[in-house]
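Here are a few notes to go with your first look at this one. Keep the viewer open and follow along point by point.

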Amino acid sequence: MILQSERTDARKWPREQLAELFSEGFPAFITADPVSRAYTGRVREWFADFDLTLTDEDGVPVAGGWGVPIRWDGRADTLPSGYSQSLVRAVEGREQDIAPDTLVICGAIVSPALKGRGLAGRALGALRDAAQEAGLTRVVAPVRPTTKARYPLTPIDSFVRWRRADGASMDPWIRTHERLGAEILAVAPASQTMSGTVAEWEGWTGLALPESGEYVIPDGLSVLRVDREADVGVYEEPNVWMRHRGAADAGSGGGG
């Protein structure tokens, strides 16, 4: 398949095409991250060069990905705490006129009908190319390991060590990054924190939450903690920090 990459804001996309691309999307509760909500507007405005859509020969969007530029010294212990903090560091870095040197790949999506054709890897590759063109010497990603939803009670530190017989990660999204040469740097136990009322969580999950306690929720990578008296539910989503080879890694073994 011949693909073209362009900025997502380069044109107005037909609604039905976007509906198809995002039809499997993300869990409804993903929007309950107050930090992300507070920074997304500035991210979209300031970092559109790193919000890309891949189209097929007919100009139909088939995949996409986006990220934010930050300043990072290459050490695992100085990474942002995860996805949300990456947005904060990118926006505040721009506001403070701090020159970025690293692209954080925040997400990628593929049209459901075209999964399994390597398009996710192509989207990640387009973002790595954009980073290189912008002079960013490092590329990292807080990866959301989708298979973790089957094991929400397992700590992310343990899950990230699970491997198939061939040595590859058990998680397909981590494997996609690994096939592109990425290496695991660290875990991000609370990459995002989602909060809402009990009623909101019941709507997002389709579950009754009759008493305080911990709940396994659909598509949750960890448990939801509910406090009925305070009328609040809090969910912390774990991610896995991975580093792709960038210009700073040329001729080296990579790593953090």
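1. Start with helix α6, residues 172–179, where the buried residues are Trp173, Ile174, Arg175, Thr176 and His177. Bear in mind that this is a predicted model. What do those buried residues pack against? The partners are β4 (102–110), α4, β5 (138–143), β6 (183–196) and β9.

2. Now check the two ends of α6. At its start, a side-chain oxygen of Asp171 comes to within 3.1 Å of the backbone nitrogen of Trp173. Just after the helix you'll meet Gly181, whose phi is positive, at about 95°.

3. Next, have a look at Asn239, which sits in strand β9 (residues 232–244). Is Asn239 buried or exposed? Asn239 has a relative accessible area of 3%, and buried means under 20%, so this residue counts as buried. Its side chain makes a polar contact of 2.7 Å with the side chain of Ser191.

4. Staying with Asn239, leave aside the neighbours within four places in sequence and see what else is in contact with it. The list is Tyr83, Pro142, Val143, Arg144, Pro145, Ile156, Val187, Ala188 and Ser191. For a sense of scale, Glu178 is 61 residues away from Asn239 along the chain, and the C-alpha atoms of the two are 15 Å apart.

5. On to the largest nonpolar core, which has 49 residues; Val68 and Leu103 are the members that touch the most others in it. The biggest contribution comes from helix α4 (residues 119–133), which gives eight residues. If you colour just one residue here, try Leu103: not counting residues up to four places away in sequence, Leu103 touches Phe50, Gly67, Val68, Pro69, Leu127, Ala131, Leu136, Arg138, Val139 and Val140. Apart from this core lies another one, with 13 residues that include Phe29, Trp201, Tyr215 and Tyr235.

6. Two loop residues deserve a glance at their backbone angles. Most residues other than glycine have a negative phi. Asp219, in the loop between β7 (213–215) and β8 (224–227), has a positive phi near 70°. Asp231, in the loop between β8 and β9, also has a positive value, near 55°. How accessible is Asp219? Its relative accessibility is 47%, so Asp219 counts as partly exposed. Asp231 comes out at 40%, which also makes it partly exposed.

7. Last, the second largest pocket, which holds about 260 Å³ of space. It is lined by 19 residues, and the closest to its centre are Pro69, Ala90, Gly93, Arg94 and Ile98. Pro69 may ring a bell, as it is one of the residues that Leu103 touches.

8. Where does that lining come from? Helix α2 (34–46), strand β3 (61–70) and helix α3 (83–95) each supply at least two residues, and α3 has the largest share, with five. Sorted by class, the lining of this pocket has nine nonpolar, two polar and eight charged residues.

Terms used: Residues numbered from 1 in each chain as written. Predicted model: local features only at pLDDT ≥ 70, side-chain atom pairs only at ≥ 80, totals over all residues. Heavy atoms only, no water. Core = buried A, V, L, I, M, F, W, Y, C linked by side-chain atoms within 4.5 Å. Buried < 20%, exposed > 50% of the residue type's maximum accessible area, 1.4 Å probe, protein only. Helix = DSSP H or I, 4+ residues; strand = E, 2+ residues; numbered from the N terminus. Contact = heavy atoms within 4.5 Å. Polar contact = N/O pair within 3.5 Å; in protein donor to acceptor, adjacent residues only side chain to side chain. 1 Å grid on protein atoms, 1.4 Å probe; cavity = no way out; pocket = protein on both sides within 12 Å on 5 of 7 lines; lining within 4 Å. Points joined across faces, edges and corners; volume = space filled by probe spheres on them. Nonpolar A, V, L, I, M, F, W, Y, C, P; charged D, E, K, R; others polar.
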